[in-house]
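Please open the structure in a viewer and keep the selection panel at hand. The tour proceeds by selections, each followed by a description of what is found there.

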Amino acid sequence: MTQFNVYRIGPEIKIGEIDISFTNASLFMVISTITILLIFNFGAKKKSIIPTKLQLLGELSYSFISKMISDTAGSKAKPYFSFIFSLFMFVLFCNMLGMIPYTFTVTSHIIVTFVLAAFIFVGVTIIGFIKHGLGYLKLFVPSGVPMVLLPLIVVIEIISYLSRPISLSVRLFANMMAGHTMMKVFGSFVVSLGIVGGWLPLSFSVALTGLEILVAFLQAYVFAILTCIYLNDALNLHH
Amino acid sequence: MFKKIIFETLAVYFLLINFIQAAESGGMPQLDPEFWFSQIFWLVITFGILYLVLSKLILPKISDNLETRKSQVLDNLELAEKQRSDSEAKLKEFDNIILKSKIDAKNLFNESRKKLLNDINNKRQKLEKEIDKELKIVEADIEELKKKSPDKINKIAVETSSDLINQLIGGNINNSSITAIVSDIASKNKNL
């Protein structure tokens with residue numbers, strides 16, 4: 001579990017009673033942000049008709065996410081494109097940077113994913129109430145449900161709505177943490193079994209690395225697409 | 001989709017309970033609130049900067065790039081289409097010209113043949129007329145000759161016969177009686 005330890009880098013910074021020191025977690029957030037900005041900045045710099053490799057990367061990501069948004073949330077979600085793009089890239093790069101040995105995985109901390117998810121939850125709820133007023137509450141009353149079942153359904157709907165930020169954050173955090181823990185466990189097996197028996201866990205470890213890279217991408221994708229689905233509920237309100 | 005999400009959520013809750021139990025026994029750094037505020041603070045700062053720079057500076061550029069590429073490709077396609085239709089029209093025109101010139105050549109050929117035939121006919125008719133004229137003159141001559149010849153022949157016959165008689169008999173015989181005989185014979189011959 002030491003790989004998940006957060007420790008202070010540099011001096012202790014405090015605002016009042018609140019400790020906001022720069023930590024290894026902060027360092028990897030900064031690294032992710034700078035990496036994303038550098039890649040996409042160079043990708044957007046040249047304006048050639050036949051794109052360079054970085055340009056192609058930027059443009060493919062752009063059209064990938066824009067297609068994802070328009071498929072799940074429709075054309076009304078266009079203004080939120082930048083946010084979802086940043087979200088996807090941030091989660092993706094934090095996950096991927098975590099795959100490099102001796103690095104820190106920002107998204108393996110529940111507080112980080114929970115803040116992101118809670119921000120999305122609050123934002124989507126506010127957007128829903130702005131767009132539909134109190135009519136947004138219809139979200140909890142699905143059409144075509146018998147009157148007898150309605151109270152039960154409404155309660156279930158409200159619970160499922162309120163659990164959105166928790167499920168969203170815990171899904172990402174648990175996936176990242178479980179993956180890294182598993183890698184650590186297999187890695188320690190390799191060491192303890194030595195040169196005779198270590199090959200089997202080593203091969204597992206190699207396979208798991210591939211799987212974890214897939215999971216890192218998939219979780220970023222799921223995080224972004226669920227945000228789109230929640231946004232779709234708030235924007236289009238059909239159940 | 002939503003059913004799936006609910007099930008997944010339930011599964012995740014079980015995981016979470018396990019994690020909490022593990023944290024209580026082994027101590028999970030994630031659940032230690034010491035650096036929570038620091039993480040939230042830096043998350044807000046980094047993600048805020050990322051969002052601002054991406055949305056204000058980088059994404060519009062990429063979007064512009066994509067738009068210009070799209071429009072340029074469309075323009076090129078349009079141009080190509082136009083040029084293609086142009087060339088097709090040119091080809092058609094060319095075909096028309098060839099067809100027209102073929103027809104022209106045929107017409108010219110026919111016309112000149114007609115003209116030539118006319119000319120030949122005219123010349124032949126003219127020649128035939130001339131020949132006819134000549135023939136008529138000749139025929140007239142022959143007719144005249146024919147008309148004159150019996151008299152002359154009669155005269156010659158009379159002279160010869162008078163000479164003959166003169167030589168044979170040695171006396172002069174009246175020319176008029178010989179003439180009468182000769183003309184009688186001649187008229188008999190004519191009647192044959």
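The stops below concern a predicted model.

Begin with the contact between chain A and chain B, which takes 42 residues from chain A and 38 residues from chain B. On the side of chain A, select strand 2 (18-19), helix 1 (24-45), helix 2 (53-73), helix 3 (81-98), helix 4 (110-132) and helix 6 (164-197), the elements that each give two or more residues. Helix 1 of chain A gives the most, with 11 residues. By class, this side of chain A divides into 24 nonpolar, 14 polar and four charged residues.

Next, isolate helix 1 of chain A. Its 22 residues should span 32 Å at 1.5 Å a residue, and the distance of 31 Å between its end C-alpha atoms agrees with this. Buried residues to display here include A:Phe28, A:Met29, A:Ile36 and A:Phe40. Among the elements that cover the buried residues of helix 1 of chain A are helix 2 and helix 3 of chain A, together with helix 2 (36-169) of chain B.

Then select helix 2 of chain A with helix 7 (residues 199-236) of chain A. Their axes come within 8 Å and cross at roughly 40°, which makes helix 2 of chain A oblique to helix 7 of chain A. The crossing is right-handed.

Finally, show the side chains at this crossing. A:Met68, A:Ile69, A:Thr72 and A:Ala73 of helix 2 meet residues of helix 7 that include A:Ala224, A:Ile225, A:Cys228 and A:Asn232. The contact between these two helices of chain A has nine nonpolar, two polar and no charged residues.

Note on methods:
Residues are numbered from 1 along each chain as its sequence is written. Chains are lettered from A and ligands numbered from 1 in the order in which they are written. This is a predicted model: local features need pLDDT of at least 70, side-chain atom pairs count only at pLDDT 80 or more; totals for chains, interfaces and linings use all residues. Two residues are in contact if their C-beta atoms, placed from the backbone, lie within 7 Å. Helices (H or I, at least four residues) and strands (E, at least two) are DSSP runs, numbered from the N terminus. Ala, Val, Leu, Ile, Met, Phe, Trp, Tyr, Cys and Pro count as nonpolar, Asp, Glu, Lys and Arg as charged, and the others, Gly among them, as polar. Axes are lines fitted to C-alpha atoms, for helices over the stretch in contact, and angles run from 0 to 180 degrees between N-to-C directions. Angles under 35 degrees count as roughly parallel, over 145 as roughly antiparallel, 65 to 115 as roughly perpendicular and the rest as oblique. A crossing is left-handed if the near helix is turned anticlockwise from the far one by less than a right angle, and right-handed if clockwise. The expected span of a helix is 1.5 Å times one less than its number of residues. A residue is buried if 20 or more other C-beta atoms lie within 10 Å of its own, exposed if 12 or fewer, and partly exposed in between; C-beta atoms are placed from the backbone.
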